[in-house]
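The following exercises concern the overall form of one protein chain and the arrangement of one of its sheets. Each task is followed by a worked solution.

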Amino acid sequence: MKQKSFIQLLKYGNKHLILTILGIVLSAVSAVLAVIPYIFLWNICKELIDVYPNFQNAVNIESNALWAVGTSIASILLYFLGLICTHLAAFRVASNMRKVAIKHVMKLPMGFFNEQQTGTLRKVIDENAAETETLLAHNLPDLAGTIVTPIAIIVIIFVINPILGAVSLIPIIWSIITLFQMMGGNNSGFMKKYMEALEKMSSEAVEYVRGIPVVKTFNQTVYSFKSFKKVINDYGKFASDYALSCRKPYTWYTIALNLYFALLVISATIMFLVTGNPLSILLDVIFYILFTPLVVTMMNKIMYATESVGKTDIIINRLNQILNIKPMEIANNNNKIINGEIKFENVYFSYTNDEKYAIQDVSFEVKKGETIGFVGPSGGGKTTTASLIARFFDRNKGKITIDGIDIKDIPFTELMNKVAFVFQDNRLFHDTLYNNVKMAKPNATDEEIRKALSYAQCDDIIEKLPDGLNTVIGAGGVYLSGGEMQRIAIARTILKDAQIIIFDEATAFTDPENEVKIQKAFKHLTKNKTVIMIAHRLSTIKDADKIIVFNKGKIIERGNHNELLEKNEFYAKMWKNYQKSISWKIGGEVKC
Ligand SMILES: Nc1ncnc2c1ncn2[C@@H]1O[C@H](COP(=O)(O)OP(=O)(O)OP(=O)(O)O)[C@@H](O)[C@H]1O
Ligand SMILES: [Mg+2]
């Protein structure tokens with residue numbers, strides 16, 4: 001356990017830290033109290049042996065028994081009281097960690113929310129909370145108890161019989177050494193590596209399940225298991241290596257604990273032979289025998305507690321992974337977007353924050369009300385360029401302005417209100433169709449929502465749904481096709497009525513009927529707006545005011561459709577190929 005991580009973790013409890021401390025103190029006191037009944041039990045045994053065989057002379061048995069029961073109950077009560085304190089504090093730490101993470105995430109660029117990052121976020125929110133609770137609420141007070149108990153035991157065993165005390169100390173020290181051998185040395189980073197291996201295995205499992213349709217489609221067999229199988233093997237090897245490395249110390253550990261009893265008997269016999277006082281030695285041995293189970297429980301507790309306290313690093317690292325992502329600078333002024341004129345000047349952007357630029361030296365301008373088409377091969381940088389306008393990510397170099405104002409100086413809510421994005425793959429919420437559209441403008445009237453849906457050519461979708469607008473999407477077997485989802489996303493964007501529209505055309509859903517509908521919906525969406533249309537079907541942007549051709553992250557051509565055809569270079573070739581693909585399609589259809 002690294003102290004730094006541990007202090008960091010406790011700090012998340014704010015003023016509830018006092019509860020953690022109180023819980024630990026109570027648990028420690030309870031641990032000491034748990035040892036006391038053994039002294040009273042010993043007193044009882046002593047008295048019984050003293051008065052033997054006239055047991056009626058034993059007068060202190062009752063009071064000793066009462067004290068033994070009383071201290072046991074007090075120990076249990078204090079332990080539970082301590083647990084209540086540590087639980088309250090642990091819940092607070094876990095909930096504060098969640099709050100800090102979520103608060104930070106809200107300030108991160110939208111590009112953060114890809115699948116991988118949301119997976120990390122889920123871990124911080126769900127798993128960290130569960131692990132923190134176990135750690136702070138149970139393991140920590142137990143650890144405090146297990147540290148105090150040996151001290152109490154050592155004091156008592158020495159007070160009762162120094163020789164037997166010294167003898168019992170040998171196996172205790174021995175077991176502590178073997179315990180640290182298991183936890184320290186090469187095995188010190190075990191917990192971290194173990195968690196990493198486990199996480200890798202579970203993410204590969206998810207990836208594997210996700211990929212099953214592809215595996216089946218391509219009739220793949222054992223090879224598709226390869227990476228999944230590898231992480232399982234790695235994990236298995238790692239776990240068995242660890243188990244093997246613990247084999248020796250664990251054997252010694254078990255021997256040490258069991259040796260306790262043997263040593264006791266041997267030394268008692270020797271003492272008996274030397275002193276010739278069987279009764280008092282027997283008495284002492286009884287006391288030490290009573291103590292044996294306590295020592296074993298204590299050692300096992302230490303083992304589990306140290307193992308789980310080792311998780312602190314993992315918990316804190318996971319959280320820091322999110323907190324270390326730089327938040328977006330958010331402007332706090334009254335700048336407004338009025339016309340929606342966009343300008344890029346020599347913009348560079350890298351997803352990996354290095355020289356591997358996804359787009360390079362991109363410059364272009366879109367005037368008010370213009371429609372610009374982005375075209376080019378897959379991976380050319382079209383979506384990346386468009387996403388910089390909505391600050392999904394912040395550019396690395398260059399300048400992006402809207403109406404002459406740097407987008408970093410436009411308040412984020414203003415930017416979000418005035419820029420609307422229709423994605424390549426749209427996600428609808430598990431909610432009614434009505435609410436899915438309404439979220440774009442919470443104060444929209446029913447009339448406005450119906451109109452937006454109608455402009456977006458969604459009438460046929462509503463008609464076929466069992467509860468019309470009130471049908472919950474994704475429930476009870478109600479699923480929509482990709483094209484239908486795209487039209488609903490358009491309805492949502494129409495309702496939003498933003499100044500700038502970015503439309504990332506889906507590559508799929510090319511059936512002619514849907515295409516015609518999307519084109520119609522798109523016309524309504526883009527009326528009097530500044531539009532950036534990322535097109536895969538070139539017919540979509542044939543009439544655009546300007547077409548920008550991207551390849552390998554750079555702009556390689558620009559102009560309108562006719563100008564680019566005349567140039568007879570990249571775009572002209574793309575157009576020819578596009579025409580050919582259409583004629584093939586038509587040919588195919590005729591044949592059918
Ligand atoms: N989230 C991401 N993280 C890292 N690299 C990315 C990410 N998204 C895209 N890229 C990379 O950036 C480059 C540009 O991708 P982009 O998505 O902008 O292309 P595109 O022109 O929109 O392609 P398509 O026509 O297939 O949609 C590609 O090399 C791609 O691999
Ligand atoms: Mg794209």
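Helices (H or I, at least four residues) and strands (E, at least two) are taken here as DSSP runs, numbered from the N terminus. The model is predicted.

**Exercise 1.** Determine how many helices and strands the protein chain has, and whether the chain is more spread out than a compact globule or not.

*Solution.* Step 1: the protein chain contains 18 helices and ten strands. Step 2: for 592 residues the globule rule gives 25 Å, whereas the radius of gyration of the protein chain is 36 Å, well over that value; the chain is therefore more spread out than a compact globule. Step 3: along the principal axes, the C-alpha atoms fill a box of roughly 120 × 50 × 50 Å.

**Exercise 2.** State into which domains the protein chain is divided and how far apart their C-alpha centres lie.

*Solution.* Step 1: domain 1 covers 3-323 and domain 2 covers 342-562. Step 2: a distance of 55 Å separates the C-alpha centres of domain 1 and domain 2.

**Exercise 3.** Give the strand order of the open sheet formed by four strands, and explain which strands stand at its edges.

*Solution.* Step 1: the order is 2-1-4-5, with antiparallel pairing. Step 2: strand 2 (359-366) and strand 5 (405-406) each have a single partner strand, so one side of each is left without a neighbour in the sheet. Step 3: strand 1 (residues 342-349) is joined to strand 4 (residues 397-402) by five bridges, and Phe-344 stands opposite Ile-400 in strand 4. Step 4: helix 10 (residues 382-389) lies across strand 1, strand 2 and strand 4, at about 120 degrees to strand 1.

Methods: Residues are numbered from 1 along each chain as its sequence is written. Chains are lettered from A and ligands numbered from 1 in the order in which they are written. This is a predicted model: local features need pLDDT of at least 70, side-chain atom pairs count only at pLDDT 80 or more; totals for chains, interfaces and linings use all residues. Two strands pair if DSSP finds at least two bridges between them. Two residues are in contact if their C-beta atoms, placed from the backbone, lie within 7 Å. Axes are lines fitted to C-alpha atoms, for helices over the stretch in contact, and angles run from 0 to 180 degrees between N-to-C directions. Domain bounds come from an automatic or database domain assignment. The radius of gyration is taken over C-alpha atoms; the globule rule is 2.2 Å times the number of residues to the power 0.38.
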